[in-house]
Amino acid sequence: LQRNGFIFMWTINSKVDVAMQWLKEMDYRLIEMLVWIKENEDQTLQQKAGYYFNHAKEICLVGRTSSLQGVAYRRLINPDVIRSPVKMQSRKPEELYSFVEAFVPLGSYIELFGRKHNCRPNWTTVGL
């Protein structure tokens, strides 16, 4: 999809190693991990059964291509944690979009496996 740029890829705990291997095979280098702390409406942790522990978070791996020629980005503008309520199953936090747009302000944005609620201005959404 791109020769120069970044990828933000959600993964679950049990698939972090598979996701990191895929990034490497696609010639991305892991540079950061974002964590979404899942909250209920009353700001308590939402906990879903995992394998060993109850899960109250999701991980977003951030990778970059070997060259960033022509890609303007802004470092150190956001923390690596998003605290946000869970809205519906598999729906990711809205805050990630503004996070990505602030990090790469002049970027071309594409979301794969998107749904109707993911559609937004300046983004291409591919999916259901």
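The exercises below, each with a worked solution, concern the pockets and the aromatic side chains of a predicted model.

**Exercise 1. The largest pocket**

Describe the largest pocket by its volume, by the residues closest to its centre, and by the elements that line it.

Solution. Begin with the volume, which for the largest pocket is about 1,300 Å³. Next, turn to the residues: 42 of them line this pocket, and the closest to its centre are Ile7, Phe8, Ile110, Glu111 and Leu112. Then look for the elements that give two or more residues to the lining, which are strand E1 (6-11), helix H2 (95-103), strand E7 (109-114) and strand E8 (123-127). Among the contributors, E7 gives the most, with 6 residues. Finally, sort the lining by class, which yields 23 nonpolar, 13 polar and 6 charged residues.

**Exercise 2. The second largest pocket**

Carry out the same steps for the second largest pocket, and state which element gives the largest share of its lining.

Solution. The volume of the second largest pocket is about 390 Å³. Its lining consists of 18 residues, and those nearest the centre are Ile31, Glu32, Arg75, Leu76 and Phe103. Two or more lining residues come from each of E1, strand E2 (28-39), strand E5 (57-65) and H2. The largest share belongs to E2, which supplies 3 residues. Sorted by class, the lining of this pocket holds 12 nonpolar, 1 polar and 5 charged residues.

**Exercise 3. Two aromatic pairs**

Describe the geometry of the pair Phe6 and Phe103 and of the pair Tyr51 and Tyr52, and decide for each of the four residues whether it is buried or exposed.

Solution. The structure holds 9 aromatic pairs. In the pair of Phe6 and Phe103, the ring centres are 4.8 Å apart and the planes stand at 65° to each other. Because planes over 60 degrees apart count as edge-to-face, the pair of Phe6 and Phe103 is given that name. Now place the two residues in the fold: Phe6 lies in strand E1 and Phe103 in helix H2, so their pair ties together parts that are 97 residues apart in sequence. For burial, the cut-off is under 20% relative accessible area; Phe6 has 13% and is therefore buried, and Phe103, at 13%, also counts as buried.

The pair of Tyr51 and Tyr52 is likewise edge-to-face, with 4.6 Å centre to centre and 80° between the planes. Exposed residues have a relative accessible area over 50%, so Tyr51, with 73%, is exposed, and Tyr52, at 70%, counts as exposed too.

As a last step, ask which residues form one aromatic cluster with Phe6 and Phe103. They are Phe8, Tyr73 and Phe99.

**Exercise 4. Charges over rings, and a threonine**

Identify the ring over which the charged end of Lys38 sits and the ring over whose face Arg120 lies, and then describe the surroundings of Thr11.

Solution. Take the lysine to begin with: the charged end of Lys38 sits over the ring of Trp36, at 5.1 Å from the ring centre. For the arginine, the ring in question is that of Tyr97, and Arg120 lies over its face at 3.6 Å from the ring centre. Turning to Thr11, we find this residue in strand E1. Thr11 has a relative accessibility of 7% and therefore counts as buried. Its side chain reaches the backbone oxygen of Lys15 at 3.4 Å, which falls within the 3.5 Å cut-off for a polar contact.

Notes:
Residues numbered from 1 in each chain as written. Heavy atoms only, no water. 1 Å grid on protein atoms, 1.4 Å probe; cavity = no way out; pocket = protein on both sides within 12 Å on 5 of 7 lines; lining within 4 Å. Points joined across faces, edges and corners; volume = space filled by probe spheres on them. Helix = DSSP H or I, 4+ residues; strand = E, 2+ residues; numbered from the N terminus. Nonpolar A, V, L, I, M, F, W, Y, C, P; charged D, E, K, R; others polar. Phe/Tyr/Trp six-rings, centres within 6.5 Å; stacked < 30°, edge-to-face > 60°. Buried < 20%, exposed > 50% of the residue type's maximum accessible area, 1.4 Å probe, protein only. Lys NZ or Arg CZ within 6 Å of the ring centre and 35° of its normal. Polar contact = N/O pair within 3.5 Å; in protein donor to acceptor, adjacent residues only side chain to side chain.
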